[in-house]
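Trainee: Hi! I'm new to this one, could you walk me through it?
Mentor: Happy to, let's bring it up.
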Amino acid sequence: MIFAPLLISFRIFASKSSFDNMETNYKAYGNEAVELLCRLISTPSVSRDEAAAATILADFIEENGLSYERIGNNIVVQDGDDGRPALLLSAHIDTVKPAASWTRDPFTPVIEGDRLYGLGS
């Protein structure tokens, strides 16, 4: 099995009824995603030191009713095994060190208009 710093494999993240209502709830899902991203930006996760960010993601997954397996900073989620198509998300949660040229605090998420600023955003 290949692991990236974050590996999530699952059949369906939410129930079908959640997807049926997604069009009317997309703003709520979007707001929740932005809140999670802001928590991650606020948590330094420079390469080889991303344990705190992995914990944030693991907690989020658990809060949403899924169980997971954590192997180091890798998170594996599998939900269902009923023949439905599988979805695999593979991503990294670490960032590079902030460059001296940053004009903002890289660990303070700031939303201006439709843009979110912060390291890793």
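Mentor: We'll talk about charges first and the core afterwards.
Mentor: This is a predicted model, where local features need pLDDT of at least 70, side-chain atom pairs count only at pLDDT 80 or more, and totals for chains, interfaces and linings use all residues. Residues are numbered from 1 along each chain as its sequence is written, and side-chain values use heavy atoms, without hydrogens and water.
Trainee: Which residues form the negative surface patch?
Mentor: E32, E35, D59, E62 and E63. Patch residues have over 30% relative accessible area and no salt bridge, with like charges joined within 9 Å.
Trainee: And which elements give two or more residues to that patch?
Mentor: Helix 2 (22-41) and helix 3 (51-63); helices are DSSP runs of H or I, at least four residues. Helix 3 gives the most, three residues, and E62 sits in helix 3.
Trainee: New topic: how many salt bridges does the structure hold?
Mentor: One, meaning a side-chain nitrogen of Lys or Arg within 4 Å of a carboxyl oxygen of Asp or Glu. E112 pairs with R104, their closest N and O atoms 3.1 Å apart.
Trainee: Are those two buried or exposed?
Mentor: E112 is partly exposed at 39% relative accessible area, and R104 is partly exposed at 29%. Buried is under 20%, exposed over 50%, and partly exposed in between (1.4 Å probe, protein chains only).
Trainee: Which residues touch the most other members in the largest nonpolar core?
Mentor: Of its 13 residues, L36, L40, L57, I61, I75, V77 and I93 do. Helix 3 supplies the largest share, seven residues. Such a core is a set of buried nonpolar residues joined through side-chain atoms within 4.5 Å.

Methods: Patches are made of residues with over 30% relative accessible area and no salt bridge: like charges are joined within 9 Å, nonpolar side chains (Val, Leu, Ile, Met, Phe, Trp, Tyr) within 5 Å. Accessible areas come from the Shrake-Rupley method with a 1.4 Å probe; for residues, only the protein chains shown count as cover. Lys and Arg count as positive and Asp and Glu as negative; His and the chain ends are not counted. The place of a charge is taken as NZ of Lys, CZ of Arg, CG of Asp or CD of Glu.
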